[in-house]
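Subject: Model handover

Hi,

Here is the model for you to look over. Please open it alongside this note.

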Amino acid sequence: MSEMKENKKNIVLGVTGGIACYKAADLTSRLVKDGFNVDVIMTPNACNFVSPLTFQTLSKNQVVTDTFAAPKYWEVEHVALAKKADVFVIAPATADIIGKIANGIADDMLSTTVMATGARVVIAPAMNVNMYENVIVQENIAKLRRLGYLFVEPGAGMLACGDVGKGRMAEPVEIAEYVASVAAETGVNSEKTSVRDLEGKRILVTAGPTVEEIDPVRYISNRSSGKMGFSVAEAALDRGAVVTLVAGPVNLECSSGIRRIDVKSTEDMLKACLDNFDDTDIVIKAAAPADFRVENKAEHKIKKTDGNLCLNLTENPDILATLGSRKQEQIMVGFAAETRDLEKYAREKIKKKNLDMIVANNVAAPGAGFDKDTNIITVIRSADGSMTEYPIMSKRAAADVILDNVLDILRSR
Ligand code: PMT
């Protein structure tokens, strides 16, 4: 049944039991049309919803199931497929498979294969809203995200069970596009992992939001998750750099090789950056510091009975502009988070903050900006004014693109 497919990237698609299995058939068909070789593993419950023959016909590959297979057979097959995968996708992913992966349980064909793979794993959850919101499921998802597993968020609406809420598997077209962007990145990364082209360079990266307290229980902040900055820090570490990461309050962990400084306010972030600036070769400011702080922070919780609340906000220091004014040999990279006139505002920021390069992102575009796993970036360099627009990609791939540009600037000096 299988054809020779050496030139195609391999997707291993795990299908678990739920009504969204029918959408996995559409996903298989899209991935095949997009030029991937698709191998499907179905759990016994998935086989109750859709016949393996459907996936076999669409993928033109033998479908792997546990239903009639003895454990001996798994041992060969699960390692073979685990190695073959360029990207491993689980769609639909039930609470059960998410729980198994998060807790290291490998008791069937799919869970053993995913445990044995070195490929990026993309998970598209699908379940009842109450199950999805269950704290244990959410903790399992958070743990897997921290470990680098990728998720395509479920949609909200009327679910097959009649409940209304979040839990409906993302549409196959959305999953297929995301898988394609991850697959494109795997080619880039596999070449790059052996390249330590930033060996010994000292990089200062900022990430996440800052928070400005109003009173002991309230604060002003923004929706930055820190994912973009953390991706830059991890990519720089992989490429041999000595990385200092100044992070606002975020829910992310980083590799132990990164020197991490946690801060709260914009003034804290400024201090941490100034303390480290002289020993830095490259600054990459992916953070979203709060531009204003409350003039007189209340010592005690402000009571509702105090009437209408008027807050006097005072402007925070611009960290990047402050560093830019002290710049010596450092390469300075800023970000521009815009919702319109991206190029115009980005070019203004290059001048105002004395930057070598700016990474502009339209934070209103789908798949870009705050709290997303992907971004759509435009890189503008100050030396020659050149501008390059990149397609949607994972934040980790975007981080490598940013570092490629930095390296290019370093080499041209
Ligand atoms: O964290 P994520 O959820 O992954 O989201 C990523 C991101 C959208 C936050 C990131 O891609 C991004 O765009 N970061 C810059 C956010 C921002 O503050 O943009 P800005 O256009 O307001 O600021 C321009 C530059 O000045 C930025 O490099 C910023 O770090 C810096 N700045 C801003 C204000 C300030 N007081 N001091 C600064 O240094």
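Below are notes on confidence, the two sheets, the helix pairs and two backbone details.

**Ground rules**

This is a predicted model: local features need pLDDT of at least 70, side-chain atom pairs count only at pLDDT 80 or more, and totals for chains, interfaces and linings use all residues. Residues are numbered from 1 along each chain as its sequence is written, and side-chain values use heavy atoms, with hydrogens and water left out.

**Confidence**

The protein chain has a mean pLDDT (the predictor's confidence in each residue, from 0 to 100) of 90. A pLDDT of 70 or more is reached by 93% of its residues. Residues 1-5 fall below 50. Beyond near neighbours in sequence, that stretch has 10 contacts in the model (contact means heavy atoms within 4.5 Å). Residues 188-194 are also below 50, with five such contacts. Where pLDDT is low, the predicted coordinates should not be read in detail.

**The six-stranded sheet**

Helices (H or I, at least four residues) and strands (E, at least two) are DSSP runs, numbered from the N terminus. Two strands pair if DSSP finds at least two bridges between them.

Six strands make an open, parallel sheet, ordered β3-β2-β1-β4-β5-β6. Its edges are β3 (64-65) and β6 (150-151), each pairing on one side only. β2 (residues 37-42) runs parallel to β3, and two bridges join them. T65 in β3 stands opposite M42.

Two helices meet these strands. Axes are lines fitted to C-alpha atoms, for helices over the stretch in contact, and angles run from 0 to 180 degrees between N-to-C directions. α1 (residues 21-33) lies across β1 (10-15), β2 and β4 (87-93), at about 175° to β1. α6 (residues 109-116) packs on the sheet and touches β1, β2, β3, β4 and β5 (120-125). The direction of α6 makes about 145° with that of β4.

Check β4 for a backbone detail. P92 is found in this strand, and the A91 to P92 peptide bond is cis, with omega near -5°. Most residues other than glycine have a negative phi, and most peptide bonds are trans.

**The eight-stranded sheet**

The order here is β13-β12-β9-β14-β17-β18-β20-β21, in an open sheet with mixed pairing. β13 (259-262) and β21 (387-389) are the edge strands, each paired on one side only. The twist averages 15° from one strand to the next. β20 (residues 377-381) and β21 run antiparallel, joined by three bridges. M387 in β21 is the bridge partner of I380.

α13 lies across β17, β18 (357-362), β20 and β21, at about 150° to β18. α14 packs on the sheet against β9 (202-207), β14 (282-285), β17, β18 and β20. The direction of α14 makes about 10° with that of β20.

The loop between β17 (331-338) and α13 (342-352) holds D341. D341 has a positive phi of about 45° although it is not a glycine.

**Helix pairs**

Angles under 35 degrees count as roughly parallel, over 145 as roughly antiparallel, 65 to 115 as roughly perpendicular and the rest as oblique. A crossing is left-handed if the near helix is turned anticlockwise from the far one by less than a right angle, and right-handed if clockwise. For residue classes, Ala, Val, Leu, Ile, Met, Phe, Trp, Tyr, Cys and Pro count as nonpolar, Asp, Glu, Lys and Arg as charged, and the others, Gly among them, as polar.

- **α1 and α3 (residues 52-59).** The axes come within 9 Å and cross at roughly 15°. The two are therefore roughly parallel. The crossing is right-handed. C21, A24, A25, T28, S29 and V32 in α1 meet T54, F55, L58 and S59 in α3. The contact residues are six nonpolar, four polar and no charged.
- **α5 (residues 95-102) and α8 (residues 135-146).** The axes come within 9 Å and cross at roughly 50°, so α5 is oblique to α8. This crossing is left-handed. Among the residues in contact are I98 and I101 of α5 and I141 and L144 of α8. The contact divides into seven nonpolar, two polar and one charged.
- **α10 (residues 227-238) and α14 (residues 395-411).** They pack at about 60°, with axes 8 Å apart. The pair is therefore oblique, and the crossing is right-handed. Contact residues include K227, E234 and D238 in α10 and K395, R396 and D400 in α14. The full contact has eight nonpolar, one polar and six charged residues.

Best wishes
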